[in-house]
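Here are some short exercises to work through with the model open beside you. Try each task before you read its solution.

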Amino acid sequence: MVVAKIKNSFINHYKDTVYVRSDAQLEREKWLVPNAIPFNRWVLPFAAFSIQICCGSLYAWSGYNAPIEAAIYGMNNGVDRGIASVTFYIAVAFFGCAAAAFGPWMERKGPFLGCMVGTVMFFIGNLLSALGVHVGQIALVYIGYGILGGAGLGIAYISPVSPLQKWFPEYRGLAAGFAVCGFGGGSIIAPFTQKYLIGLDYQLDTVKNISLGVPLAFVILGCIYFTIMSIGSLVLRMPPPGYEVNGIKIDTVKGAETLHQDIVIHAEEDVADFMVATGGNNQDQKTVALPTRATTDFSTYFKMTLWESIMSTEFRLMYVMFIGAQVTGLMIMSKIQGIVQTQFGKTGNEPININAILGTFNLLGRLMVPFLSDWLGNRKLFFIISCTVQIVMLGFIPYSIWGQYYWAFLVEVFSIAFFYGAGFGLIPAFLSDQFGSKNIGPTHGIILTAWAMTGVFGGLLFTAVYNTGYNAHYYILEGGTKKTWNPADFRFHAYDINFQWILGFVFMGLATACMIPSSLRDRRLPKAEGESFRFRFGPRLVRVFGTKPVVVSKEQEDKEWAAYIAGIAQAQSEATRESVAVAVV
């Protein structure tokens, strides 16, 4: 009984989300400033950018690790004890879980309320963290920034993404890029603001002489983030009912808006098939009345409910693909300062500067690649390119470390950071293409759990492999003999095993990306008798019957698709005629 109730509650939570607004609210939302400045959709990207810059401060958490531990446990010559860093993993876990759990709720209540709830939670999290450091209790930091702050950031992160996808259905890639690129910007700015507030030379002085200290840094930055995010949230709103651009509605899956163009008579022998499908009796090819967008609503026919979306095969494939596409960048960005210091001997400001440049490439990837995907009209292709580039770069990184080719290493990690950001910019647009922007809040939230899971379990695995790698390499080098081994020999091989298991996940992401049926035709064209599955090999559709692949000609595929679409159009026409007849009676 209890299990059944939980299951029903879960299903009800992820059923279609309906955002109900009063006429008065719809009227208010026409104005950016009441009765003074009318609302314009192009204001939304700037509001989203400001919100995401604050959310992106999460990536700068490593700058807190040593100062927090110094304040609570005493100076340790600036060495990270690995205690405060647990906060980051907690925050990442709750970030993803909150985004998934609150996605449907945000769609029902609107982005303003969603963003404000996330903002308040993040603010309280910063204040609790300040209190925890002040009284010397790391548990309060875990609860404050890790649980409350992480969950708040997850809710605030998805809040601007949903309205932007709905307001810009014709520029889904550009809208997604603007919605999330600020997150990369936060990772550039926050390390410097934190270092300035805490004190540049805290590790050289006693705790009492720290400039402003960690608690005040949390309070000041928390107040700044709260102010910026609150102002940005005031701009967020959903489009009015019935909103569409160029025939694209909020529930339109990519391709449905142009299906009237696919009802084509390809050759004279196709006329009979078309006439049978449409129920006509006109034998003159030139006078065949093709259904048009005005008479056939393909968007309604092909729209998907939220439950259908998250239970579909393509959504599961996208989830696995996202893990493979993002794991390399996540691991590199979280460890880059340590790698630069230990593998290349860089000290001073060099590691933090490299981290900032890495964040810049992350930001550029989030903005540029989604824009290019709009231009080319293919998100899947860019995920395939992303995984391929990461495989090449990740494969060369160990050689760059072994040979101490610092410039080559930087090219490799900057490329990885660029495509890491690209993945975050592409995924909202890709989800909207597949399932409609109406479902983007919940589907995007669930996809982010892939990133969160990778951050937590991948980070723990990375650390465990690194810590055990010393002994493993020790025995490989000396066959278990400890007397003559020089520990310095291990230095340039410290990350070898980690790079290997990460490479396996990226290969998995590449294979999965290739399997995703990204076009409407691939997903909805009826299967032939005996067909077990299908895939694209270049531009050609390949059907598999048992173990035998059969390549379908373009002419045959177009003919089948046109007949299928024409059948839908005829069915809708008949339904319209019947409803009119009933109304007349």
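Two strands pair if DSSP finds at least two bridges between them. Helices (H or I, at least four residues) and strands (E, at least two) are DSSP runs, numbered from the N terminus. This is a predicted model, in which local features need pLDDT of at least 70 and side-chain atom pairs count only at pLDDT 80 or more, while totals for chains, interfaces and linings use all residues. Residues are numbered from 1 along each chain as its sequence is written, and side-chain values use heavy atoms, with hydrogens and water left out.

**Exercise 1. The sheet**

Find which strands form the open sheet, and in what order.

Step 1. Start with the pairing of S6 and S7: Leu 541 has Val 552 in S7 as its bridge partner, and Val 542 is partnered by Val 551. In total, 5 bridges join S6 to S7 (residues 548-552), and the two run antiparallel.

Step 2. Now turn to S5 (residues 533-537), which is joined to S6 (residues 540-545) by 5 bridges, again antiparallel. Here Arg 534 stands opposite Arg 543 in S6.

Step 3. Put the strands together: the open sheet has 3 strands in the order S5-S6-S7, with antiparallel pairing. S5 and S7 are at the edges with a single partner strand each, so one side of each has no neighbour in the sheet. On average, neighbouring strands of this sheet are turned by 30 degrees against each other, direction ignored.

Step 4. Look at the turns. The hairpin of S5 and S6 has 2 residues between the strands, and Gly 538 in the turn has a positive phi of about 70 degrees. The hairpin of S6 and S7 also has 2 residues between its strands, and there Gly 546 takes a positive phi near 70 degrees.

**Exercise 2. Two helix pairs**

Describe how H3 packs with H9, and how H5 crosses H6.

Step 1. Two packed helices are described by the angle between their axes and the distance between the axes. Axes are lines fitted to C-alpha atoms, for helices over the stretch in contact, and angles run from 0 to 180 degrees between N-to-C directions.

Step 2. H3 (residues 44-55) and H9 (residues 213-233) pack at about 150 degrees, with axes 8 Å apart. H3 and H9 are therefore roughly antiparallel (angles under 35 degrees count as roughly parallel, over 145 as roughly antiparallel, 65 to 115 as roughly perpendicular and the rest as oblique).

Step 3. List the contact (heavy atoms within 4.5 Å). H3 contributes Ala 47, Ser 50, Ile 51, Cys 54 and Cys 55, and H9 contributes Tyr 225, Ile 228, Met 229, Gly 232 and Ser 233.

Step 4. For H5 (residues 86-109) and H6 (residues 111-135), the axes come within 6 Å and cross at roughly 130 degrees. That makes H5 oblique to H6. Trp 105, Met 106 and Lys 109 of H5 meet Pro 111, Leu 113, Gly 114 and Val 117 of H6.

**Exercise 3. One serine**

Is Ser 162 buried or exposed?

Step 1. Locate Ser 162 in H7 (residues 138-167).

Step 2. Check its accessibility: with a relative accessible area of 1%, Ser 162 is buried (under 20% relative accessible area; exposed is over 50% and partly exposed in between, with a 1.4 Å probe and protein chains only).

Step 3. Identify its contacts. Leaving aside neighbours within four places in sequence, Ser 162 touches Met 106, Glu 107, Met 238, Ile 440 and Gly 441.
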